[in-house]
Every structure is written in structure tokens, then in C-alpha cells.
Amino acid sequence: IHPYTRALLACRPISQPKGKRLTLIHDFLNETGQERKLAERSNEQYSNDQVIHSLQAEEPEKATASPILEVKHISVSFPMRKRVFDRSRQFFKAVDDVSFTVRKGETIGLVGESGCGKTTLGRCILQLIKPVTGEIVLNDSSITTIGPAKLRHLRKDLQIVFQDPYGSLNPRITIGNAILEPLKMHNLFGSNSERKRKVIEMLEKVNLQSDHFNRYPHQFSGGQRQRICIARALVLEPSFLVFDESVSALDVSVQAQVLNLLNDLKAEFGFTSIFISHDLSVVHFICDRILVMQKGKIIESGESDKVYNHPENEYTQRLIAAIPGRKVFQSF
């Protein structure tokens, strides 16, 4: 296999143990384009050992932390199109009696095939879709029955990063103003100059530059646009985030960069999050626990290592067997 092909395969989360930083292409190849063996990278190995030690130290703290989010028997239904002579109204149940909790500082993975209801559940938690039955409790307060004014104030603590970064940004607004806009809406900081300083600080935290402030979305690559969307979500310093397929549209090398960045930002900001994806290898890498959805129901849940390495449900086993590159990498 060509060294560059091996480098692309090495960027996949499936290729490395949980807790290590994902290998990037420039880490895997040396200056002449030849393969660099991972065992020779002692400095990075030392860094990885530090990351693993840090993650292991955090596990007991997360296990005893109080729940920041409680989802109680949530169901969401949508009306189906009526036939011409059919007077009855039928409904499609996208989410069917789902319950779980998220502890402070955790990242919960919500995984399943397309159409299983995971995105609907994520938007229901954010109150972008109202549930038919059930209750959602955030920080000991029910958010399913609050009014529009209180919900608008709550938006500061509930943010989402969508799958399509280009569709999430207004092409007529510079990315600096796009990140600054929520600061204005929530009346944070005293002036526009202070808000601009905060925006530039966030751009640098997601590995962009201060002179990118006045550029437009079309002037950036897909990975850069997704980092802009992450900066916009984090600029309000929310306590809870939903990542809705946030890396599925990126190529494997850029995906690895964004996943490493998310781990760095989580360590710095300490946010709690739900990570929605169809790729169990990505969810296993980034998440503490995994919830597997099928046809609107949670059919398996548990610690990420347990679900990924020892799945009990046949559907989960099929999802893991379908992970791209799994068999190819195991043949190395």
C-alpha cells in the first residue's frame, strides 16, 4: 500500500486506541513523503500517555457527577400524508419513549443508521421540536413547558453544531460578524470592540487567524467552516452542546483534526455534550458513553469501550461490522 494511502487509513479513529490523539497525515509522513513509523514518534507517544492518564483521572469524577440533563419518556410523532379518500390521520413515531441522563462533563454518543430518530431526538432536547409526551430537565428545571421568553434566554446555554457547515453560515455575512451576532443578541460584553476581541480569541482557539474576521464563508475550506461553526457555538460558553453529525461531511484527514480539536476544547471549556453520528468508531473515540438507536428506540447503552468492543445487541454488532476500513486496517 502506498504510504499516503496508509496515512489516510491511519487518520481513522478505528486505527488507534481510545484516549490517544488521532494521527494526522503530516504526522504519519516525513518531509520526503516516506512512511514514518509511529513507534519512532516518542514525543507524541509521551503526549498521548499524558492524555490517557488525564482521561483515566476524569472517569471517577464523571461517574459521580450529578445529571445536567434528564430525558424522561420522550416521544416525537409526525403526521403522515393522507390519502385522497382516507379520513383517518396516521402518525409516524420518530422517537418512541426514550429516557436517559447526561452527567456534567460527559459526552454521550447517539448512534444509529439514517432515519433512526437520533437527529430528531437531538433537536427535541434543544426544543427546536416539541415532544408529544415526556419531559426534558436541564439543570433541575423542566424546559418542555417554559414560555418563549425564558426559552430565548436559555438558548445561551444550549447550542448546536450542524452537519453542513456551509449551510449553517450566511454567505452574505463575514464569519467574524456571524460569530459576533449571538454575543449581541444576548447582550454580552459592553461594546462591539470587546465583542470583537472575544471573537478573535475564539477564532484562534479553533486554529484560525485574527485576519479571517472579515472573510466570507466561501473563502474557507469545509474543515475551516466547521471550525467557524464550533467557534460560534462556543463563544457563548454554553453548558450543553449538541453535535449533529458534525464531522461526517469531512474527509478523514480533516475529520481527525476536528476531533482532536473538540477534545482540546472540551478539556478547556468543560462543556457537556451529545455527539450524534452514524459512525461508531468516531463515537467511540470522542464519547464517554454510547446510546444506540433503532426505529426511534434506544436498544443498547453503556460505556463506550463496552458497547464498541463487546456489543450485546445484534443491530449494534452489524453497525460495528459496517465501519469503513475496519477490515482493511486489521489486515496491516
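## Helix packing and strand pairing in the predicted model

The axes of helices α6 and α7 come within 9 Å of each other and cross at roughly 120°. At that angle α6 and α7 are therefore oblique to each other, and their crossing is right-handed. On the side of α6 the contact is made by Ile175, Gly176, Ile179, Leu180, Leu183 and Lys184, and on the side of α7 by Asn192, Arg195, Lys196, Lys198, Val199 and Leu203. Sorted by class, the residues of this contact between α6 and α7 comprise six nonpolar, two polar and four charged. The loop between α6 (175–185) and α7 (192–205) holds Asn187, a residue that has a positive phi of about 55° although it is not a glycine. With a relative accessible area of 61%, Asn187 is exposed.

These features, like the others described here, come from a predicted model. The chain has 332 residues, of which buried residues make up 46%, and it contains 13 helices and 10 strands. Among the contacts in the chain with a separation of 6 or more, 68% are accounted for by residues 24 or more positions apart.

A second pair of helices is formed by α8 (residues 222–234) and α9 (residues 252–269), which pack at an angle of about 15° with their axes 10 Å apart. Because angles under 35 degrees count as roughly parallel, α8 is described as roughly parallel to α9. The crossing in which α8 passes α9 is right-handed. From α8 the residues Gly223, Arg227, Ile230 and Leu234 take part in the contact, while α9 contributes Val254, Gln257, Val258, Leu261, Leu262, Leu265 and Phe269. By class, the contact of α8 with α9 consists of eight nonpolar residues, two polar residues and one charged residue.

Turning to the strands, an open sheet is formed by four strands in the order β2-β1-β4-β5, and the pairing in this sheet is antiparallel. Strands β2 and β5 (141–142) stand at the edges, each with a single partner strand, so one side of each is left without a neighbour in the sheet. Helix α4 (residues 118–125) packs on this sheet, where it touches β1, β2 and β4, and the direction of α4 makes about 120° with that of β1.

Within the sheet, strand β1 (residues 67–79) is paired with strand β2 (residues 91–103) in the antiparallel sense over nine bridges. One position along this pairing is given by Phe78, whose bridge partner in β2 is Phe92. Strand β1 is also joined to strand β4 (residues 133–138) by five bridges, and these two strands likewise run antiparallel. Here Leu69 stands opposite Leu138 in β4. Strand β2 further includes Asp97, which has a positive phi of about 55° although it is not a glycine. The relative accessibility of Asp97 is 43%, and Asp97 therefore counts as partly exposed.

Another group of paired strands is arranged around β9 (residues 289–294), in which five of the six residues are buried, so that β9 is largely enclosed by the rest of the structure. Strand β3 (residues 107–111) is joined to β9 by four bridges, and these strands run parallel. In this pairing the bridge partner of Gly109 is Ile290 of β9. Strand β9 also pairs with strand β10 (residues 297–303), in this case in the antiparallel sense and over six bridges. Along the pairing of β9 with β10, Met293 stands opposite Ile298 in β10. The strands β9 and β10 form a hairpin with two residues between them, and in the turn Lys295 has a positive phi of about 50°.

Definitions and conventions:
Residues are numbered from 1 along each chain as its sequence is written. This is a predicted model: local features need pLDDT of at least 70, side-chain atom pairs count only at pLDDT 80 or more; totals for chains, interfaces and linings use all residues. Side-chain values use heavy atoms; hydrogens and water are left out. Two strands pair if DSSP finds at least two bridges between them. Axes are lines fitted to C-alpha atoms, for helices over the stretch in contact, and angles run from 0 to 180 degrees between N-to-C directions. Angles under 35 degrees count as roughly parallel, over 145 as roughly antiparallel, 65 to 115 as roughly perpendicular and the rest as oblique. A crossing is left-handed if the near helix is turned anticlockwise from the far one by less than a right angle, and right-handed if clockwise. Contact means heavy atoms within 4.5 Å. Ala, Val, Leu, Ile, Met, Phe, Trp, Tyr, Cys and Pro count as nonpolar, Asp, Glu, Lys and Arg as charged, and the others, Gly among them, as polar. Buried means under 20% relative accessible area, exposed over 50%, partly exposed in between (1.4 Å probe, protein chains only).
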